[in-house]
Amino acid sequence: MRRSDLSCSTPRFNPWGPALLVTALLTGCGGPGPGNLQPPAAPATLAVTHTTTTEVELSWADLSDDEDGFELQRAPDSGGVPGTFVVVASLAADTTEHTVDALAPDSTYWFRVRAHARGAFSAYSNQVDARTDPLFADACDWSVYGSIDASIDWTSVVPRNGRRVVAGMADGIFGGSFSAPVVAELDAAGAVLWCRAYPRTDTVVVSRVQSMHALLGDELLVVLEVGSSSVDSTRLLLFLDAAGNPLRVRYSGIEVGRVAVSSHSPELYLYGRSVASLPLEGSLLLRMTVNGDLASAWSIGGLPNATFPFSLRATSDGGLVLLDGRHHDASLFLALGLVKLDASGTIVWARNYGTPFGEIIYPRDVVETADGGFLALGMVGTPPAHDPLYLRVDQDGHVVWQQRARHVLVNFQTTQMVELGGGRFGTLYSSSVGLSVILHVVGEDGVTHGNAEYLTSGLPQPLAVLFLQALAAREDGGLDLVGTNFTGLGGSRGVIVEAAVSAECGTLTEPAAFTLEPSSFATLPAAPVEVEPVPAEWMPYLLVDVGLPTVLELNLTREYRAR
């Protein structure tokens, strides 16, 4: 007799006797009998299908046709065996794969899964262990690019679609004495797809490629410094198509300008100081379309020399965060300033941060954290000795934590900070004498995740003197670092480093001295920060059309590669 043939109501008459009634109650009717707790079949062949630095992807076979769902469990490794398992995911019926995230890099975990139905659990599947990828690769990949036409100095890199675009300056184009910006695209294997230089025929002298940004439709924006020094130079905005052909050029009377590209709207922002010929006080913030047309402009600060712009970032709410130095002359910065603006350019809050001892502070960069707060980066102390400083604030600018590494960096300058995923950020510190570079990784919680030191003294020739100047996070979770190798032969070669250095082709260390500790920074009384629209009569002088540059095909070759 099938279960469906038995009534689950209380029977009034049982002509077949008590034995059959008991059997019916145990196998088909609602009640506490074991028939209602019959577990589903256990899942099988649990396997690891992919790992990253913070994730493990799993798959398994569903051998049950009546489960209500699955329970996935994880345990830390304890000497080669699982530690205590905890539930990390409750999954729907018929699920056969899942990605476990928020894991630590270079760490081993154990996993198991079981099904459940009608309040009963199946047996566990087989257990599998998986190790997340290391933050730094075990093997390095140095690529040195040279040209018979010029010496190369990379200062910016943009990963895109599995490839990378690098930009810098080329000196001595075709044996001449002039320099020109150069941009090249390399495939995943490092082969050169195209390389173009952009010398100008007018009186504009480009001294440096400050940064490069990916725009919509695979267009590129190259920000060029025009002038004799990075402090007094103005900015030239060079827009390129996906193949490096010039589309348009805009000249801006902005000194020390930094550019941010919004990921939430087709807009660009340029933050800097106006040239002396413009009677505008404080810093200037320009909002542009992706075509480089000026949409609006604001004067920020309101007092001469009260603020000095260092960095800006577009934020997830459509606004901006500005990082500047607050000072009383052109060289002494006594406070680090953050200004949060909404999408309309209105100040949400403005705060100053500094030490009670009045130490000199050099702001460097700021990034947004996952919770809408910010992590600011600076250097504290008098050159040549600097202490790295990290200042974490919430979405309202209130200090969450601040940490510094004391008296560990001499002749070092930090260049930038990038988001690495998993709540981690990487900062590049470069020696001014070209003998060492440190990549430091810190979490949103202030925990140091790693220090990788690139010592040029341990590298094979011709990597004799090395300057790494910029880094970017690739789509695959790795890192690209770019810079220059001075060979001592009268020229330089552009250097690209993938991931990090191992003992095989350099010296990988974890400097014990580079450990962050709580600092004595605090919120300081903030001077009023004003945001005023730039008068209409001055708008035409802030962004001017410039003719397209000459384009030269550069013979770029890969000269050296070490693994």
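A residue counts as buried when its relative accessible area is under 20% and as exposed when that area is over 50%, with partly exposed in between.

**Figure 1. Salt bridge between Arg 250 and Asp 293 in the predicted model.** Because its relative accessible area is 10%, Arg 250 is buried. Asp 293, at 37% relative accessibility, counts as partly exposed. Between the two side chains, the closest N and O atoms are 3.0 Å apart. The pair links distant parts of the chain, 43 residues apart. Arg 250 belongs to strand S18 (residues 246-252), whereas Asp 293 is placed in the loop between strand S21 (283-289) and strand S22 (294-300).

**Figure 2. Overview of the protein chain.** The chain has 563 residues, of which 52% count as buried. Its secondary structure consists of one helix and 44 strands. Among contacts with a separation of 6 or more, 53% are made by residues 24 or more positions apart. The accessible surface of the chain comes to about 23800 Å², and carbon and sulfur atoms account for 54% of that surface. Across the whole structure, a search finds 17 salt bridges; several of the views in this set show examples.

**Figure 3. Salt bridge between Glu 71 and Arg 114.** The closest N and O atoms of this pair are 3.0 Å apart. Glu 71 lies in strand S3 (residues 69-78) and Arg 114 in strand S7 (residues 108-117), so the salt bridge ties together parts that are 43 residues apart in sequence. Both Glu 71 and Arg 114 are buried.

**Figure 4. Salt bridge between Arg 196 and Glu 553.** Here the closest N and O atoms are separated by 2.8 Å. The pair ties together parts that are 357 residues apart in sequence, because Arg 196 lies in strand S14 (residues 192-197) and Glu 553 in strand S43 (residues 552-553). Arg 196 counts as buried at 13% relative accessibility, while Glu 553 counts as partly exposed at 48%.

**Figure 5. Network of salt bridges involving Arg 160, Arg 163 and Glu 185.** The view is centred on these three residues, two arginines and one glutamate, which are linked in a network of salt bridges.

**Figure 6. Surroundings of Arg 364 in strand S27.** Strand S27 covers residues 361-368 and contains Arg 364. With a relative accessibility of 18%, Arg 364 counts as buried, because the cut-off is under 20%. The view also includes Leu 389, which is 25 residues apart from Arg 364 along the chain. The C-alpha atoms of Arg 364 and Leu 389 are separated by 9.7 Å.

**Figure 7. Positive phi at Thr 45 in strand S1.** Thr 45 has a phi near 50 degrees, a positive value in a residue other than glycine. The residue lies in strand S1, which spans residues 44-51. Its relative accessibility of 54% places Thr 45 among the exposed residues, because the cut-off is over 50%.

**Figure 8. Positive phi at Asp 94 in a loop.** Although Asp 94 is not a glycine, its phi is positive, at about 70 degrees. Asp 94 is found in the loop between strand S5 (86-92) and strand S6 (97-100). Asp 94 is exposed, having a relative accessible area of 60%.

Terms used
Residues are numbered from 1 along each chain as its sequence is written. This is a predicted model: local features need pLDDT of at least 70, side-chain atom pairs count only at pLDDT 80 or more; totals for chains, interfaces and linings use all residues. Side-chain values use heavy atoms; hydrogens and water are left out. Helices (H or I, at least four residues) and strands (E, at least two) are DSSP runs, numbered from the N terminus. Buried means under 20% relative accessible area, exposed over 50%, partly exposed in between (1.4 Å probe, protein chains only). Contact means heavy atoms within 4.5 Å. Accessible areas come from the Shrake-Rupley method with a 1.4 Å probe; for residues, only the protein chains shown count as cover. A salt bridge is a side-chain nitrogen of Lys or Arg within 4 Å of a carboxyl oxygen of Asp or Glu.
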